[in-house]
Amino acid sequence: MSVSDRAPGTHASFDPRRYHESVTGERTEIAPRPPICLYLEVTNRCNLLCTTCPRTYEELEPPADMSWDLFTSIVDQSPDLARAVLHGVGEPMLVANLPRMVRYLKDRGVYVLFNTNGTVLSERSGRALIDAGLDELRVSLDASSRESFRAIRGRDYFNRIIRNVRAFRELQEREGHLTPQVSLWLTGLRETVAELPAFVKVAAEIGVKEVYLQRLVFFVEEAFGKAKSDQALFDRLTEGEAIYLRQAEELARSLGVTFSASGAASEPGLSLKGGGDGSPWSLCRRPWSLMYFTANGRALPCCIAPFSQHGYDNYTLGHAARQSLADIWNGPAYRDFRAALLSDKPSKACANCGLRWSL
């Protein structure tokens, strides 16, 4: 799965003011308020072999879907929850309980979204998500052609995904469904940046009105696949590569498509663009606003961590199957993690964050 996650902007069911109030203010080892956002990895199973994803190359945890009991336990312990992201390193739409999970969150007034590869998006599953009240459906396509898709994502599913997304958008238009808001995503690689204009055209042809270029996150040591520094665009975008961005922007305007390559951070208003002070992690407020749980219940600092440092044990902050969220949230591991983030010696996963992301 992809790791970038833009702000939800002006979507009616999300209140940005409430969100910003929860993530501003003084940062100390103790978080003064419960998390307002949850990342729930509803599964770590996937049917693709993406060359930018660590799960293609190693088993991060035992294969699992998040159990209903674990899911509801986590949600029920989050009284201030405003936003839920139902993805991690797997494909959420492989989970039979997914619409039920969405509905459970929507009944509590939560803004809900997830990334999908679109391979199993059918009329039946699409209707179930519409009926459940899903706010956003983000399709990680990563290519504008069958050939480049197979090279990046490891399977020959491009045409299937295009058919699935087009049919879903036609269903929405035909029946007047405004949600979920559908967007198309491409990971920024030097190998595919030239495809940006064609990618925008593909989106327009299948009825998708939003396109996002997301950042590549990669291990500094023992890099894998195409997730390597020589593929990253951030802070090293050449003039030739920048031309493709401008062409994509111009084409998007002419086609009525929203196009963004701003590199916004995974939470609203918390951009982590590279700075000159060499400490991009100092801008992060995730450990004061959100919690990430794997399908097995492991608490991680954020969705970026699995993509920026090997080994979950290096940054595990608790376990929801054995601890309450309150005990995890301001427990010793979280306090130590926050203290390190506020220093000049953060976790390795944080030191790589922002500094080594692409657009």
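Q: What makes strand β3 (residues 111–116) and β4 count as a pair?
A: In this predicted model, β3 and β4 are joined by 4 bridges. Pairing needs at least two bridges, so the two strands count as paired. They run in the parallel sense. One of the matched positions is Phe114, whose bridge partner in β4 is Leu137.

Q: What do β3, helix α4 and β4 make?
A: They make a right-handed β-α-β unit, in which helix α4 covers residues 123–132. The word right-handed applies because the path from the first strand over the helix to the second runs clockwise when the strands point away from the viewer.

Q: Why is strand β4 described as largely enclosed by the rest of the structure?
A: The strand covers residues 136–140, and 5 of its 5 residues are buried, so the rest of the structure largely encloses it. A residue counts as buried when its relative accessible area is under 20%.

Q: How do you know that both faces of β4 are covered?
A: In a regular strand, side chains alternate between the two faces of the sheet. In β4, one side carries Glu136, Arg138 and Ser140, and the other carries Leu137 and Val139. These residues are all buried, on both sides.

Q: What makes β4 and strand β5 (residues 181–187) a pair?
A: There are 5 bridges between β4 and β5. The cut-off is at least two, so β4 and β5 are paired, and the sense is parallel. Leu137 stands opposite Val182 in β5, and the β5 bridge partner of Glu136 is Gln181.

Q: Why is β5 said to be largely enclosed?
A: Of the 7 residues of β5, 6 are buried, so the strand is largely enclosed by the rest of the structure.

Q: How many bridges join β5 to β6, and what is the direction of the two strands?
A: The number of bridges is 4, and β5 and β6 run parallel. Thr187 has Gln214 as its bridge partner in β6. Between the two strands the chain passes through helix α7 (residues 196–205), and this β-α-β crossover is right-handed.

Q: Why is the pair of Trp185 and Tyr212 called stacked?
A: The ring centres lie 4.8 Å apart, and rings pair if their centres are within 6.5 Å. The planes meet at 25 degrees, and the limit for stacking is under 30 degrees, so the pair is stacked. Trp185 belongs to β5 and Tyr212 to β6, so the pair ties together parts that are 27 residues apart in sequence.

Q: Why do Trp185 and Tyr212 count as buried?
A: Trp185 has 1% relative accessibility and Tyr212 has 9%. The limit is under 20%, so both residues count as buried.

Q: How many aromatic pairs does a search of the whole structure find?
A: The search finds 8 aromatic pairs. One of them is formed by Trp68 and Tyr104, with 5.4 Å from centre to centre and 80 degrees between the planes. An angle over 60 degrees counts as edge-to-face, so this pair is edge-to-face. Trp68 lies in helix α2 and Tyr104 in helix α3 (residues 98–106), so the pair links parts 36 residues apart in sequence. Both residues are buried. Together with Phe71, Trp68 and Tyr104 form one aromatic cluster.

Q: Which residues touch the most other members of the largest nonpolar core?
A: They are Phe71, Leu86 and Phe293, in a core of 94 residues. Helix α6 (residues 158–175) gives the most to this core, with 6 residues. Among the residues that Phe71 touches are Leu40, Met66, Leu86 and Met101, with residues up to four places away in sequence left out of the count.

Q: What makes β7 and β10 the edge strands?
A: The sheet is open, has 10 strands with mixed pairing, and follows the order β7-β6-β5-β4-β3-β2-β1-β8-β9-β10. Its edge strands, β7 (258–260) and β10 (318–319), each pair on one side only. For β7, the partner is strand β6 (residues 210–214), over 3 bridges in the parallel sense. There, Glu210 stands opposite Thr258.

Q: Which strands does helix α2 (residues 68–76) touch as it packs on the sheet?
A: Helix α2 touches β1 (37–40) and β8 (290–293), and its direction makes about 170 degrees with that of β1. Helix α6 also packs on the sheet, touching β4 and β5, at about 155 degrees to the direction of β5.

Methods: Residues are numbered from 1 along each chain as its sequence is written. This is a predicted model: local features need pLDDT of at least 70, side-chain atom pairs count only at pLDDT 80 or more; totals for chains, interfaces and linings use all residues. Side-chain values use heavy atoms; hydrogens and water are left out. Buried means under 20% relative accessible area, exposed over 50%, partly exposed in between (1.4 Å probe, protein chains only). A nonpolar core is a set of buried Ala, Val, Leu, Ile, Met, Phe, Trp, Tyr and Cys residues joined through side-chain atoms within 4.5 Å. Contact means heavy atoms within 4.5 Å. Axes are lines fitted to C-alpha atoms, for helices over the stretch in contact, and angles run from 0 to 180 degrees between N-to-C directions. Rings of Phe, Tyr and Trp (its six-membered ring) pair if their centres lie within 6.5 Å; planes under 30 degrees apart count as stacked, over 60 as edge-to-face and the rest as tilted.
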